[in-house]
Amino acid sequence: MARVYVSSIIDASAADVWARVRDFNGLPRWHPRIRDSRIEEALPADKIGAIRNFNLQNGDNIREQLVGMSDYDLFCSYSMLEGPMPLSNYIATLRLTPVTDGGRCFIEWSAEFDCEPDNEADLVSGISINVFQGGFDALKRHFGG
């Protein structure tokens, strides 16, 4: 099983960052690689089981299902149902932790998935840099960091 883990500090409160990333359908508003998104069957975006169907800027389509969310613990977990990458059993979690020193936010994004050994290094690198760190960098720009 392959594992990806990326973390960072955002110069904004965890509450402010959570307000920006909480919407399971809101990726296009904060992640630069996402062109558009919709929730299938018009379910609420924070309903466990909701499926977001989104397109990347390059046109690739991905479907992911919300499997966990907590406004108290500031996390959301989701599984990838369909996508262009050669992987399976993909589960990811985006989690925020308040940093009380300076009112900042520790943010971490992790994923586990199965893939062919020959693809693992490229997938881990691509997800780490393009998806997770790319999202963190966009949040830092938004919050002035």
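These notebook entries record what I looked up about pockets, cavities and aromatic rings in this structure.

**Entry 1, ground rules.** I am working from a predicted model, in which local features need pLDDT of at least 70 and side-chain atom pairs count only at pLDDT 80 or more, while totals for chains, interfaces and linings use all residues. Residues are numbered from 1 along each chain as its sequence is written, and side-chain values use heavy atoms, with hydrogens and water left out.

**Entry 2, the pocket.** I looked up the largest pocket (on a 1 Å grid over the protein atoms alone, an open set of points with protein on both sides within 12 Å along at least five of seven lines), and found about 380 Å³ of space in it. It has 25 lining residues, of which Leu56, Ile62, Met85, Ile127 and Val131 are the closest to its centre; lining here requires an atom within 4 Å of a point. Strands S3 (51–56), S4 (61–70) and S5 (75–82) and helix H3 (117–142) are the elements that give two or more residues to this lining, and H3 gives the most, with seven. Helices (H or I, at least four residues) and strands (E, at least two) are DSSP runs, numbered from the N terminus.

**Entry 3, the cavity.** For cavities (sets of points where a 1.4 Å probe fits but cannot get out), I obtained a count of one of 30 Å³ or more. About 60 Å³ of space lies in the largest cavity, a volume being the space filled by probe spheres set on grid points that are joined across faces, edges and corners. Its lining includes Phe24, Arg52, Tyr78 and Trp109, and helix H2 (27–30) and S5 each supply at least two of the lining residues.

**Entry 4, the rings.** I searched the whole structure for aromatic pairs and found six; rings of Phe, Tyr and Trp (its six-membered ring) pair if their centres lie within 6.5 Å, and planes under 30 degrees apart count as stacked, over 60 as edge-to-face and the rest as tilted. Tyr90 and Phe113 are stacked, at 5.9 Å centre to centre with 20 degrees between the planes, and they link strand S6 (residues 87–99) to strand S7 (residues 104–115), 23 residues apart. Trp109 and Phe132 are also stacked, at 4.5 Å and 15 degrees, and both are buried, which I take as under 20% relative accessible area, with exposed over 50% and partly exposed in between (1.4 Å probe, protein chains only).

**Entry 5, cluster and charge.** Phe24, Tyr78, Tyr90 and Phe113 form one aromatic cluster. Over the face of Tyr78 I found Arg52, at 4.8 Å from the ring centre; the rule asks for NZ of Lys or CZ of Arg within 6 Å of the ring centre and within 35 degrees of the ring normal.
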